[in-house]
Amino acid sequence: MSAERASRPLVVVTRPADQAGAWVQGLRAAGWPVLALPLIDIVPAADPSALRAAVAGWADLDAAMFVSPAAVEALRQAAVPVPAPGLRCWAPGAGTVRALRDWGVAPAAIDHPPADAAQMDSEALWPVIAPQVHPGHRLLIVRGVSANGHAGRDWLLERCRGGGATVRTVVAYRRQPPTWDVIQRAKAGRAVADGAVWLFSSSEAVGHLRDLLPQAAWARARAIATHPRIAEAARALGYGEVRTCRPTLPDVVQALESSP
């Protein structure tokens, strides 16, 4: 191991457990020490029969928006059939695109932000799908809900309704704070004190960390956030250094390598 790699700080991956593996492997392959400490637990939101009923056959829809990989996985776990050909499947980021493809959705049926978009979010997706939206357009948004009942931003929903679309929503999963054991809490505390780099893909994850370590001193901690809103949450918590980059492995690695 080179001296440069030996001196690299620990990277803490905070994504849900079922999404963290690929990030851990990719970062380790790039030469970074990694610790997985999921800050969001994903659990089913409804019994499978209720979820299947909400999307029965996809026949009455023109498009479906899947807000995250977890939304796709929830439908897979509930044995919901793959959307029929002709239904447009909207995805705000690369992770959701991969989940849809793995589910069996044809790549040509997936609408997503351009690969070179500055951000991967609803605002970047809107110019791509806006031409589809018209009076009578039928859209289903498949999303999650937090422990306090918050379903997330309605920015895209409001734009579509403003264009005359009929929009329904279905909650496919719940986001909950993780349950950490004594060892995980100790590892997290050391990571904060030692100046580890925390990789955040959710503002909600930042809030969960604050609640899990209420006495932590954040000034030495560093963060990479995959969206400006997430970066704002990390700064508000007190992180001494916060960088923003797109939610792709090459972008995260570049942000890590450019960190002083």
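**Pro114.** I began with Pro114, which at 38% relative accessibility counts as partly exposed; buried means under 20% relative accessible area, exposed over 50%, and partly exposed in between, with a 1.4 Å probe and protein chains only. The model I am reading is predicted, with local features needing pLDDT of at least 70, side-chain atom pairs counting only at pLDDT 80 or more, and totals for chains, interfaces and linings using all residues. Residues are numbered from 1 along each chain as its sequence is written, and side-chain values use heavy atoms, with hydrogens and water left out.

I found Pro114 in the loop between S6 and helix H6 (122–129); helices (H or I, at least four residues) and strands (E, at least two) are DSSP runs, numbered from the N terminus. Leaving aside residues up to four places away in sequence, Pro114 touches Met120, Ala124 and Val128, where contact means heavy atoms within 4.5 Å. I also looked up Phe66: its C-alpha atom and that of Pro114 are separated by 17 Å, with the two positions 48 residues apart along the chain.

**The sheet.** Next I traced six strands in an open sheet, in the order S3-S8-S7-S4-S5-S6, with mixed pairing. Two strands pair if DSSP finds at least two bridges between them. Strand S3 (41–44) and strand S6 (110–111) stand at the edges with a single partner strand each, so one side of each has no neighbour in the sheet. S7 and S8 run parallel and are joined by nine bridges. I noted Arg143 standing opposite Val171 in S8.

**The cores.** Which residues have the most contacts inside the largest nonpolar core? I listed Trp58, Phe66, Leu75, Leu100, Trp103 and Val142, in a core of 28 residues. Such a core is a set of buried Ala, Val, Leu, Ile, Met, Phe, Trp, Tyr and Cys residues joined through side-chain atoms within 4.5 Å. Two or more residues come from each of strand S4 (63–66), H4, helix H5 (94–103), strand S7 (138–146) and strand S8 (166–176). H4 gives the most, with five residues.

I followed Leu100 further: beyond residues up to four places away in sequence, it touches Phe66, Val72, Cys89, Ala91, Val105 and Ile110. A second, separate core has 27 residues, including Ala191, Val192, Trp218 and Ala221.

**Helix H7.** In H7 (residues 155–162) I marked Trp155, Leu156, Leu157 and Cys160 as the buried residues. They pack against S4, S5, H6, S7 and S8. After H7 comes Gly164, with a positive phi near 100 degrees.

**Ala79.** Another positive phi turned up here: Ala79 has one of about 60 degrees, although it is not a glycine. Most residues other than glycine have a negative phi. Ala79 lies in the loop between helix H4 (69–77) and strand S5 (88–90), and is exposed at a relative accessible area of 53%.

**The cavity.** Last, I checked for enclosed space. On a 1 Å grid over the protein atoms alone, a cavity is a set of points where a 1.4 Å probe fits but cannot get out, and lining residues have an atom within 4 Å of a point. Points are joined across faces, edges and corners, and the volume is the space filled by probe spheres set on them. I found one cavity of 30 Å³ or more, with a volume of about 40 Å³. Its lining is Val197, Arg222, Ala223, Ile224, Glu241, Arg243, Leu256 and Ser259. Strand S10 (222–225) and strand S11 (241–244) each give two or more of these residues, and S10 has the largest share, three.

Definitions and conventions:
1 Å grid on protein atoms, 1.4 Å probe; cavity = no way out; pocket = protein on both sides within 12 Å on 5 of 7 lines; lining within 4 Å.
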